[in-house]
Amino acid sequence: MKKIFMSPLFMPIAFVLLWGAFMAGVYYLYPNDILSITEEGGIIEDITHFGYVVLIAVLLVLCDNFQDRIKTWAMLLFLSMCALLREQGIQHHLSKTDTTPFKSRFFLNPNNPLSEKIIFGLVLLIVAGAVIYLAVKYSKHLVRSFFQFNPVTWSIAVLCTVGVCAKWVDRFPSNWRKAHNGVSLPEQTYAICQLLEESSEMFLPYIAVGALYQFKLQKQGWNA
């Protein structure tokens, strides 16, 4: 089993199979009520929250596997906690004057307090700084090891690809309205877009957990 798990193709194939099975199951069981699965408090949200709790727990357990605990490990833990808080909707309860303080319209709105703009701007800079630091530090290694068929790198590639695609699908309905003079997507199409986005995001923490376990096996000297 470890040999299969440590194959670079494991995560891409596992994700496609599990994601496809989940999508097919939801569409088959709830063909006319897809939005109830994707809405706040639905089953997808619960599975996602549980995944980030597991991810944080795994990071805590694997702390000793990171040589750079102060920076790399701490930043990964910090970003995982931020992702969990975001999934729980904390951004909707921070500002007294707006729905969320982490969008450009919040900083451009003159009705929002300057103090909130400064505080939440600093938060965004810290999060962005952590992401940029990790990207700069490991980008060369990730590119090189990807072509060396490193399973951890391939899992990270799946993680990033799924995340980017989920964000694109998230923006698709609003971009469609802008491109079609305010005409919204048909209800069923919109529901499928919501399912695509939410189900993709649901798998993100689990992909990260898989990559961390592959990393642990590599540190123990396991070779596929």
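Begin by selecting Y133, which sits in helix 7 (residues 114–146) of this predicted model. Its relative accessibility is 25%, so Y133 counts as partly exposed. Display its surroundings next: leaving aside residues up to four places away in sequence, Y133 touches D68, K71 and M75. For a sense of scale, add P12, whose C-alpha atom is 26 Å from that of Y133, the two residues being 121 apart along the chain.

Now colour the chain by pLDDT. The mean is 88, and 97% of the residues reach 70 or more. Helix 4 (residues 43–61) has the highest confidence, at 94, whereas helix 6 (residues 104–108) has the lowest, at a mean of 80.

Turn then to the aromatic rings, of which the whole structure contains 12 pairs. Select F106 and F120: their ring centres are 6.0 Å apart and their planes meet at 70 degrees, so this pair is edge-to-face. The pair links distant parts of the chain, with F106 in helix 6 and F120 in helix 7, 14 residues apart. Both F106 and F120 are buried.

Move next to W168 and F172, whose ring centres lie 5.5 Å apart with planes at 35 degrees, so the pair is tilted. Both residues belong to helix 8 (residues 151–179), where they are 4 residues apart, about one turn of the helix. W168 is exposed, with a relative accessible area of 58%, while F172, at 25% relative accessibility, counts as partly exposed.

Finish by selecting F146, F147, F149 and W154 together; these residues form one aromatic cluster.

How values were computed: Residues numbered from 1 in each chain as written. Predicted model: local features only at pLDDT ≥ 70, side-chain atom pairs only at ≥ 80, totals over all residues. Heavy atoms only, no water. Helix = DSSP H or I, 4+ residues; strand = E, 2+ residues; numbered from the N terminus. Buried < 20%, exposed > 50% of the residue type's maximum accessible area, 1.4 Å probe, protein only. Contact = heavy atoms within 4.5 Å. pLDDT = per-residue confidence, 0-100. Phe/Tyr/Trp six-rings, centres within 6.5 Å; stacked < 30°, edge-to-face > 60°.
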